[in-house]
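Here is a walk through one protein model, taken a stop at a time. Keep the viewer open and follow along as we go.

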Amino acid sequence: MKKLLKLLPIVILTLFITSCSSVKVSADYDKETDFKTYKTFAFFKTGIDKAEISDLDKRRILRAIENELMAQGYTKSENPDLLVSIFTKSEQRVNVYNNSWGVGGWGWGGFGPGWGWGWNQPSVSTRNHGVLFVDLIDANKKELVWQGMGSGVLAQRSVEKKEEKIKEFVSKIMEKYPPELVQ
């Protein structure tokens, strides 16, 4: 029992740290595919051109994907096994918080008729929430074999923050690939 109590703070801290990730990821794949046969990749320009983001962000995303795949032992090729495509969605989320406090308004309150005191100033904040899809397509069959998705709040403050957020998105997504290595 004492050992369990000693481990409890470590377990709670671990849960807290892992739940604080700002990117939520998931992946889907074709169970019939043998991912060990893939060794090379290239970018699928037709699909990438359809992504509705700036060319700068496209390049940032593609560089991050390329780095992740090369770190896994893949090589870029003119005759690839896999084609890589991306798709993005974003939406602006508006949060309105009603920060009200005080007593009454016009009418009968605790001290008789008249105006009460109070403060009611709602605050509004907006955040851009984005979703990045990374599609891996079997180049010979022209079929989607794996799709990773990451969603989270997009950094808009500076180029450095944006690049850092893109790398985080791609890294978290690519942790799910290949599916055989994921427990």
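Helices (H or I, at least four residues) and strands (E, at least two) are DSSP runs, numbered from the N terminus. Please also keep in mind that this is a predicted model.

With that convention in hand, let us begin at S26, which sits in strand β1, covering residues 23-29. Is S26 buried, exposed or partly exposed? Its relative accessible area is 33%, so S26 counts as partly exposed, because that class lies between the 20% limit for buried and the 50% limit for exposed. Leaving aside residues up to four places away in sequence, S26 touches Q147, G148 and M149. There is also a long-range relation to look up: S26 and K172 are separated by 146 residues in sequence, yet their C-alpha atoms are 9.2 Å apart in space.

Next, try colouring the aromatic rings. The structure holds seven aromatic pairs. One of them joins Y29 and F35 in an edge-to-face arrangement, with 6.1 Å centre to centre and 75 degrees between the planes. The partners differ in how they meet the surface: Y29 is partly exposed at 37% relative accessibility, whereas F35 is buried at 2%. Another edge-to-face pair is made by F41 and F43, with centres 5.8 Å apart and planes at 80 degrees. F41 has a relative accessible area of 0%, so it counts as buried. Stepping back, ring pairs link Y29, F35, Y38, Y74, W146 and Y177 into a cluster.

Y177 leads us to a point of backbone geometry. The peptide bond joining Y177 and P178 is cis, with omega at about -10 degrees. You will find P178 in the segment that comes after α4 (159-174). A second backbone detail belongs to K142, which has a positive phi of about 60 degrees although it is not a glycine. K142 lies in the loop between β9 (123-138) and β10 (143-153). With 61% relative accessibility, K142 is exposed.

Now turn to helix α4 itself. How far apart should the ends of its 16 residues be at 1.5 Å a residue? The expected span is 22 Å, and the end C-alpha atoms are indeed 22 Å apart, so the two values agree. The rise is counted over one less than the number of residues, which is why the first residue adds no step of its own. The buried residues of α4 are K165, I166, F169, V170, I173 and M174. They cover an arc of only 160 degrees around the axis, and therefore lie on the same side of α4. The face turned away from that buried side carries the exposed residues E160, E164 and K167.

Our last stop brings α4 together with another helix. R60 is found in helix α3, residues 55-71. Not counting residues up to four places away in sequence, R60 touches V159, K162, E163 and I166. Of these contacts, the one with E163 includes a polar contact of 3.4 Å between the two side chains. Is R60 buried or exposed? Its relative accessibility is 13%, so R60 counts as buried. I166, which R60 touches, is among the buried residues of α4.

How values were computed. Residues numbered from 1 in each chain as written. Predicted model: local features only at pLDDT ≥ 70, side-chain atom pairs only at ≥ 80, totals over all residues. Heavy atoms only, no water. Buried < 20%, exposed > 50% of the residue type's maximum accessible area, 1.4 Å probe, protein only. Polar contact = N/O pair within 3.5 Å; in protein donor to acceptor, adjacent residues only side chain to side chain. Contact = heavy atoms within 4.5 Å. Phe/Tyr/Trp six-rings, centres within 6.5 Å; stacked < 30°, edge-to-face > 60°. Arc of directions from axis to C-beta.
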